Each structure stands twice: as C-alpha cells, then as structure tokens.
Amino acid sequence: MKLPTQVYLLGLVSFLMDVASEMVYPLLPLFLTGLGAGAGVLGLVEGIAEATASLFKVVGGRVSDRVGRRKPLLLLGYGLPAFLRPILALAQSPAHVLLYRFLDRTGKGLRTAPRDALLAESVDKGALGRAYGLHRGLDTLGATVGPFLAFLLLPHLGIRGVFWASAVPAFLALLALLWVKEAKRQEIRPPLPPLRLAYLRALPASYRRFLFISGVFALALSSNAFLLLRLKELGLSQEQVTLAYTGYNLLYALLSYPLGSLADRVGLRRVVAWGFGLYALVYLGFALAQSALWGVALLLLYALYSAAFEGSSRAYLATLVPEATKATAIGLYHTVVGVLLLPASLVFGALWQAYGPGLAFGAGAGLALLALALFLLDGRRPRAYSGSGPTGL
C-alpha cells in the first residue's frame, strides 16, 4: 500500500528542521563548557528544555482539537526555532543558552501533537507503523545531515558560525510546510471536556496504563547530551563525538522505516517492548564502558533502540485514543513523559557529578527494566486492539 504524499511532505519538513536542530545539538555540551558550565548545569538546561517542550505539547494538542485545525500550530511551532537562532549565536552565558533552549522547545511542544495527529489522520490504521516509521526515518536523516554539516563547517566557522548557518535549513522547513495540506474537518464539533482528572478517567484504560508505564520509563531517560559527554570522557575529541553522533542518526534513519514496517506485521506492542529492553541494555553498557570504541558501539546500538521505539510507540499510542480528542491525548502523553524528563535529567546529572557516570547510567538501566516488566504484565490483560495485524505480546 502506497503512503500518501502528505506523509512525505511532513517528513520533509521534519527533515529540514532536524538538520537545523542537530547542527546545534552536539555542539551544546562543549559550548556550555566553554561558558563555564558543568554536568549539573547541562542537566538543568536540558531538563528544563525538554520539560518545556512537553508542557506545551498538551497545549498544542488541546488548541488543535478545539479549533479543528493542525497547520496553524505547525507554522507557529516551526517558526519559533527559525527566528530565534540569534539568541544562541550571540549567547554569552549559560543563562542565554537556557533561554534559547526554552523558546526553541516551546516551538517543538506546540507542533508535535498536531503534527502526529495530522500524520495519523493521513493513513489507514493498518499502515500506521510504516507512516510513523517513514516520518521518523526522514526526521532522523535530517539529524544525520545536521551534525555532519556541523562537523564540516566547525573548523571554518567555529561554533557560533555553525549556529548562524543552522538558520538556513530552519527557514527552508517553514517554506516546505506551506505545501502541507490538511483535510477539512467538521465545522461544528462537540465541545471538548475540560482537561481535568475526569478527562483522563474518560480515556480508554489501555491508554491510561500505557501513560503510567511511559512515565516510569521517562524517569530512566536522560538527554542524549549525556551520551555525547560520556563519549568525550571515554576519549573522543569534539569533532569525533560529532561524527559518531552523525553515525548514530544515520543508522537510526536507515532502520526506522524497516522497523516500522516490521511493527505493522508482528505487532506494535512487541516492537515497543523490544525498545524498552534495548534501552536498558545500552545504558548498562554505558555504565560499564571502558573505551571509546565500546562507547561508539553502544551509541550505534542506541540507534537500534531509537528506530524500534520512537516510531512504534507513537503508532501504538495512536491506536489507543479516540478520534475526537486524538491530538489532546497524544499531547497529554508527550507532556507527562516530557515533564518527568526534568527530574530525570537533574537526578542523572547530580548522580554523575557526585558518584560518576557508572551509577547514573546503571540507575537508568534499572528503571527501563522496571518499565519493561510493567509493560509485559499489562500485555497479559485482555484488550481490544484498534489497529490491524497481530497485537504481539
């Protein structure tokens, strides 16, 4: 079954924006270090940034469902990072970097749920895995090109010059977004229930259980910046770290669509479970790593986790929520998970600074295994599966 053009267009927009974002991201740990920041400050900056994105995901989803439109939120969400590049390029302190990351992640938060909802509305349920897999693949291909461009430009432009150059693909993403269309929705829609505890109770039990398990897993998550910092600690130069991150994103991009297609065949739940397990394995490996080569191998294994989990978990989530409040429910999921990234990153950074990376990564592996156990136990419950194909597990 051929995927609609809409999926490819949304993928192109994400590709270009990720080129822009990932030209910046692998340079931030070194940039912050040059401004006098340590691991604790890095954890604070990244934790606040990701929590901000997540808080605004439910806002973006809620507004999108209420007005019955997706594209206006996409234009705002992709426009903010494009126009705010000067804040980062001219930064003179960690506080300036924090301000940029806060505003940049606000844009990401506003666009994520409407984009995921629009993607889900563009395909049949039997092709959700492939659609999300393709989107994640194109998105991550941008995340491959971005750090590679940074690697090439860094010796000539310096870090601040790379930050300025990253504005070009960001504005190209905005231009590509103009070609994205959304189907006309009902002019008269039933009023949405207030976003309170009663709203959560009205959602399917399977969604609520997955939300809880995802919350446990979120406590195991830390910013990818810590993986890059760990590689630098294991002996890689900044240029080598950037190149290794390029390899991670390239492998992630190449594997996303095949693993999304596999998820449609063997069951989304099964591939999500594989993702939990792979994450635990990678973090345990980083806790024990003794060489740069070991660290690079683990980063590539982490790409397998990302490709298996990111697209499949989003596709699985889309099968659990009602159509009328799809963007709100998706946004709520991203918000809950992302808000927990703040304490997760703060604790991870504090553990690293006080006891070293071994304990920090070991704690993350343990929490990921707990999430996997809860997910497997939940799979024993009788459930109605709204997608097509085998449920797995």
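Biologist: Let's start with burial: of the 393 residues of the protein, what percentage count as buried?

Modeller: The figure is 59%. Keep in mind that we're looking at a predicted model. The cut-off for "buried" is a relative accessible area under 20%.

Biologist: And the overall fold? How many helices and how many strands does the protein have?

Modeller: It has 16 helices and zero strands. Along the principal axes, the C-alpha atoms fill a box of roughly 55 × 45 × 40 Å.

Biologist: How do I read the radius of gyration of the protein?

Modeller: Set it against what a compact globule of that length would give. With 393 residues, the expected value is near 21 Å, and the protein has 20 Å, so the two agree. Contacts add to that picture: among those between residues at least 6 apart in sequence, 87% join residues at least 24 apart.

Biologist: What about the outside? Which share of the accessible surface belongs to carbon and sulfur atoms?

Modeller: That share is 70%, out of an accessible surface of about 15400 Å².

Biologist: Now the inside. Which residues touch the most other members of the largest nonpolar core?

Modeller: General idea up front: in soluble globular proteins, nonpolar side chains tend to be buried together. Here, the largest nonpolar core has 118 residues, and the ones touching the most other members are Phe163, Tyr207, Phe217, Phe276, Tyr279 and Tyr283. Helix α14 (residues 292-318) supplies the largest share of this core, 13 residues.

Biologist: Pick one of those. What does Tyr279 touch, beyond residues up to four places away in sequence?

Modeller: Tyr279 touches Phe217, Ala220, Leu221, Ser222, Tyr302, Tyr305, Gly364 and Ala368. Phe217 in that list is another of the residues touching the most core members.

Biologist: Phe163 was in the core list too. Which helix residue could lead me to it?

Modeller: Try Leu28, which lies in helix α2 (residues 28-34). At 2% relative accessibility, Leu28 counts as buried, since the cut-off is 20%. Leaving aside neighbours within four places in sequence, Leu28 is in contact with Glu46, Leu88, Val97, Arg101 and Phe163. For Leu28 and Glu46, the C-alpha atoms are separated by 9.9 Å, with their positions 18 residues apart along the chain.

Biologist: Let's do rings. How many aromatic pairs does the structure hold?

Modeller: There are 30 of them. One is Phe226 with Phe348, at 4.8 Å centre to centre and 50° between the planes, which makes a tilted pair. It links distant parts of the chain: Phe226 is in helix α11 and Phe348 in helix α15 (residues 326-355), 122 residues apart. Both rings' residues, Phe226 and Phe348, are buried.

Biologist: Why is the pair of Tyr245 and Tyr248 called stacked?

Modeller: In general, a pair of aromatic rings is described by the distance of the centres and the angle of the planes. For Tyr245 and Tyr248, the centres are 5.6 Å apart and the planes stand at 20°, so the pair is stacked; the cut-off is under 30 degrees. Being three residues apart in helix α12 (residues 238-266), Tyr245 and Tyr248 are separated by about one helical turn. Tyr245 counts as buried at 3% relative accessibility, and Tyr248 counts as buried at 4%.

Biologist: Back to helix α11 for a second. How many of its ten residues are buried?

Modeller: Seven, so α11 (residues 224-233) is mostly covered, with 20% as the cut-off for burial. The buried residues are Asn224, Ala225, Phe226, Leu227, Leu228, Arg230 and Leu231. After α11 comes Gly235, whose phi is positive, near 125°.

Biologist: Where do the charged ends of Arg111 and Arg269 sit?

Modeller: Over rings. The charged end of Arg111 sits over the ring of Tyr78, 4.4 Å from its centre. Arg269 has its charged end over the ring of Phe375, 4.0 Å from the centre.

Biologist: Last one, on two serines. Are Ser166 and Ser214 buried or exposed?

Modeller: Buried: Ser166 has a relative accessible area of 0%, and Ser214 has 4%. Ser166 is placed in the loop between α7 (128-165) and α8 (167-177), while Ser214 lies in helix α10 (residues 205-218). Not counting residues up to four places away in sequence, Ser166 touches Ala20, Met23, Val24 and Arg85. With neighbours within four places left aside, Ser214 is in contact with Tyr333 and Val337.

How values were computed. Residues numbered from 1 in each chain as written. Predicted model: local features only at pLDDT ≥ 70, side-chain atom pairs only at ≥ 80, totals over all residues. Heavy atoms only, no water. Helix = DSSP H or I, 4+ residues; strand = E, 2+ residues; numbered from the N terminus. Buried < 20%, exposed > 50% of the residue type's maximum accessible area, 1.4 Å probe, protein only. Contact = heavy atoms within 4.5 Å. Core = buried A, V, L, I, M, F, W, Y, C linked by side-chain atoms within 4.5 Å. Phe/Tyr/Trp six-rings, centres within 6.5 Å; stacked < 30°, edge-to-face > 60°. Lys NZ or Arg CZ within 6 Å of the ring centre and 35° of its normal. Rg over C-alpha atoms; globule rule 2.2 N^0.38 Å. Areas by Shrake-Rupley, 256 points an atom, 1.4 Å probe, with all protein chains shown as cover.
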